[in-house]
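I opened the notebook and pulled up the model. My plan was to go from one helix pair out to the whole fold, then to single residues.

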Amino acid sequence: MFPGNDSSVTEFILLGFSRNPRTNWILFFLFLFVYLFTVLGNGLIVTLIRVDASLHTPMYFFLSILSVLDLSYATTTVPQMLVHLISKKKTISYIGCVVQMYIFLTLGITETWIFAAMAYDRYVAICYPLHYGVKMGQTLCVALAVSSALCGLTCALVYTVFAMNLPYCGPNEINHFFYTSLNDQVDFILGFILLLIPLSLILTSYVRIFMAILKIRSTQGRIKAFSTCASHITVITMFCIPCMVMYMRPGSEASPEDDKKLALFYNVISAFLNPIIYSLRNKDVKRAFLKLVGISGDGQ
């Protein structure tokens, strides 16, 4: 039963993507592959950064945290989605809703602030290369990571408590593959405060980065400086733009089908693609992988 509400709803029915059993089985194997690759890819990134001393730098410290968040983020929703795709019972309890919402929001909010910390790291590396080791010391990196996590834990708690105390009038069917807030105003506030603030910090960092890159005289130097930011910009775009579209547009323009696609993209697809993006464009990660499997990177 919802607190502060006379409703007797104790569980919700998640309608998911399709009512066609054949389509659901196809989706099951597709998302199972995506999820297993997400776990393998992000787990490999974390392992490489942990075991290879050459990757013990601020940039890779934040990347390892991002990989853990992506892995956890997908695990919050995908296993349940896989079960519901092949099961006749597609329900989630009220307690399950609360727990899933809180964990999902904690991870998502923390990730946006980790993006901001990564942007600041690139700003210091490009704009103050001679002072990078001093400015981005271990103490600051840990402080940025801990403050991001605390922000995620606190904001998610406030949002979840507030959302669960809002009046709710049935039905108990939700046209989605995981539990989401049922109040447009709360979603808009979430999007405005918890997305725009870190995004404004990210934008500020990259404006200064681009100004510094434009001052580099050689074309090769500009390309090299920009290449260190390209992966980060791509990952931020894949995660934040779908979030902004989903949470900050007016409720009258919202479509359940569009919301499912947007949520699938920033929750599942981005976590699936992040290891590919960072490994394909990163010689250090490739070298660490070859070293881990016993192949010398010198002859490549």
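Is the crossing of α3 and α5 right-handed or left-handed? I looked, and the crossing of α3 and α5 is right-handed. I keep in mind that this is a predicted model.

**Entry: the α3 and α5 pair**

I took the geometry next. α3 and α5 pack at about 145°, and their axes lie 8 Å apart. I then sorted the residues of this contact by type. The contact of α3 with α5 holds 22 nonpolar residues, five polar ones and no charged ones.

**Entry: the whole fold**

I counted the elements. The protein has nine helices and three strands. Along the sequence I read the order β-α-α-β-α-α-α-β-α-α-α-α.

I looked up burial for the protein. Of its 300 residues, 46% are buried. The accessible surface comes to about 15600 Å². Carbon and sulfur atoms account for 67% of that surface.

I also checked how far the contacts reach in sequence. I took those between residues at least 6 apart, and 80% of them join residues at least 24 apart.

**Entry: the cores**

I asked myself which residues have the most contacts inside the largest nonpolar core. They are F115, I202 and Y266, in a core of 48 residues. I listed the helices that each supply at least two residues of this core: α1, α2, α3, α6, α7, α8 and α9. α3 gives the most, with twelve residues. I found another core apart from this one. That other core has 13 residues, including L27, F28, L264 and V268.

I noted the general background too. In soluble globular proteins, nonpolar side chains tend to be buried together.

**Entry: α9 and what follows**

I went on to α9, which spans 283–292. Within α9, I found V285, A288 and L290 buried. G294 follows α9. I read its phi as positive, near 85°.

**Entry: V142**

I picked V142, which sits in helix α5, residues 138–164. Why does V142 count as partly exposed? Its relative accessible area is 38%, and partly exposed runs from 20% to 50%, so V142 falls in that class. I then measured nothing by hand but read off a computed distance: the C-alpha atoms of V142 and F61 are 9.1 Å apart. In sequence, V142 and F61 are 81 residues apart.

**Entry: L71**

I moved to L71, in helix α2. I logged L71 as partly exposed, because its relative accessible area is 24% and buried means under 20%. Which residues does L71 contact, leaving aside neighbours within four places in sequence? I found V39, N42 and G43. I looked at G43 again for distance. The C-alpha atoms of L71 and G43 are separated by 7.7 Å. Along the chain, L71 and G43 are 28 residues apart.

**Entry: T91**

My last stop was T91, in strand β2, residues 91–93. Is T91 buried or partly exposed? T91 has 22% relative accessibility, and the buried class ends at 20%, so I entered T91 as partly exposed. I checked T91 against Q80 as well. These two are eleven residues apart along the chain, and their C-alpha atoms are separated by 9.9 Å.

Terms used: Residues numbered from 1 in each chain as written. Predicted model: local features only at pLDDT ≥ 70, side-chain atom pairs only at ≥ 80, totals over all residues. Heavy atoms only, no water. Core = buried A, V, L, I, M, F, W, Y, C linked by side-chain atoms within 4.5 Å. Buried < 20%, exposed > 50% of the residue type's maximum accessible area, 1.4 Å probe, protein only. Helix = DSSP H or I, 4+ residues; strand = E, 2+ residues; numbered from the N terminus. Contact = heavy atoms within 4.5 Å. Areas by Shrake-Rupley, 256 points an atom, 1.4 Å probe, with all protein chains shown as cover. Axes fitted to C-alpha atoms, helices over the stretch in contact; angles between N-to-C directions. Left-handed = near helix turned anticlockwise from the far one by under 90°. Nonpolar A, V, L, I, M, F, W, Y, C, P; charged D, E, K, R; others polar.
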